[in-house]
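Reader: Before I rely on any label in this description, I would like to see each value set against its criterion. Could you take me through a few of them?

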Amino acid sequence: MPEISVIMGVYNQFNREVLLTAVKSVLNQSFTDFEFIIYDDGSYPEAAELLKEVEQLDKRILLIGHTENHGLAFSLNACIHRARGKYIARMDADDISYPDRLQRQKDFLDKNKEFSWVGCNIEVFDDGGIWGRRQMPERPQESDYLKYSPYAHPTVMYRAEIFDSNHDYAASKETLRCEDYEIFMRFRQAGLRGANLQEYLFCYREDMSSYKKRTFTHRINEARCRYRNFKSMGILFPKGWLYILRPIAASLVPDRMLAWMKRRESSIPEKDVTDGVVGNERKAELCISNTAGCEPINRLRCSQ
């Protein structure tokens with residue numbers, strides 16, 4: 001039985017370079033005792049063929065899926081039900097896990113039994129390179145859920161046992177595009193606790209297209225999700241109401257303005273760059289060094 005099950009839901013990832021980079025960042029982990037379950041969520045034939053190609057890369061990869069598209073929550077639940085590992089680690093099809101990610105998260109959960117899952121800090125990149133970093137709260141409290149999820153979803157490693165008590169992802173229209181936010185709030189209400197390693201172990205892709213994914217309907221549904229869970233968590237007053245309206249207010253802001261605000265919030269201070277504090281270019285190079293057939297990621301750079 002593998003120690004860790006890495007799970008990834010994929011829908012229409014047509015970019016071979018991006019897909020292989022993400023997959024091989026998992027295959028090149030320093031910790032090797034894992035299975036890698038990839039769910040094809042009804043991709044078009046061209047994208048589905050890429051996933052079949054990926055399946056041949058390593059015997060640890062298990063490709064499952066469906067001919068119809070059901071959404072990320074459904075995909076992740078299917079992976080969880082097939083998982084055999086003690087721990088379940090998330091991954092997305094366009095991000096990069098640095099080589100020691102699985103080892104560092106496993107070590108943490110082995111030593112800290114009071115926590116049911118653990119994430120980490122992230123560096124944010126696009127095709128131009130690393131442009132920002134986000135430090136996640138080390139021990140999130142209720143107030144950390146107000147602004148947005150205090151965990152970067154694809155960075156998280158769970159204890160598999162927490163899914164034994166009907167704690168699956170909520171596969172509903174209301175939670176579409178905020179599946180992670182909803183499940184972390186629900187876990188919190190169930191008395192479970194998570195943490196974030198204060199290490200940058202993950203490269204999260206975020207470009208202009210990231211700000212165009214949520215329709216107004218998605219934002220209304222997120223507001224409803226926030227209201228229901230904020231009320232149950234006892235954080236509706238005094239500030240909770242303002243944050244319930246946050247996703248709706250964001251729909252009124254132009255995409256370019258949203259991107260500018262996010263980049264300003266996540267930008268790397270010039271001092272950190274010049275003093276050499278940001279050194280994950282080398283991590284990225286090591287992570288991708290064996291990705292034959294992919295465009296090298298050693299062009300990743302730190303910039304404002």
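Author: The exchange below goes through several labels in turn, and it concerns a predicted model.

Reader: Why is N12 called buried?

Author: The relative accessibility of N12 is 17%, and buried means under 20%, so N12 counts as buried. N12 is placed in the loop between β1 (4–10) and α1, and beyond its neighbours within four places in sequence it is in contact with S43, Y44 and A47.

Reader: What makes the approach of the N12 side chain to the backbone nitrogen of Y44 a polar contact?

Author: The side chain of N12 reaches that nitrogen of Y44 at 2.7 Å, and a polar contact requires a pair of N or O atoms within 3.5 Å.

Reader: How do you know that E3 and K106 meet in a salt bridge?

Author: The distance from N to O is 4.0 Å, set against a cut-off of 4 Å between a side-chain nitrogen of Lys or Arg and a carboxyl oxygen of Asp or Glu. E3 lies in the segment before β1 and K106 in helix α4 (residues 101–111), so this pair ties together parts 103 residues apart in sequence.

Reader: Which category, buried or partly exposed, does each of K106 and D110 fall into?

Author: K106 has a relative accessible area of 12% and is therefore buried, whereas D110, at 24%, is partly exposed, given that buried means under 20% and exposed over 50%. The side chains of K106 and D110 also meet in a salt bridge, at 2.6 Å from N to O, and both residues lie in helix α4, four residues apart.

Notes. Residues numbered from 1 in each chain as written. Predicted model: local features only at pLDDT ≥ 70, side-chain atom pairs only at ≥ 80, totals over all residues. Heavy atoms only, no water. Helix = DSSP H or I, 4+ residues; strand = E, 2+ residues; numbered from the N terminus. Buried < 20%, exposed > 50% of the residue type's maximum accessible area, 1.4 Å probe, protein only. Polar contact = N/O pair within 3.5 Å; in protein donor to acceptor, adjacent residues only side chain to side chain. Contact = heavy atoms within 4.5 Å.
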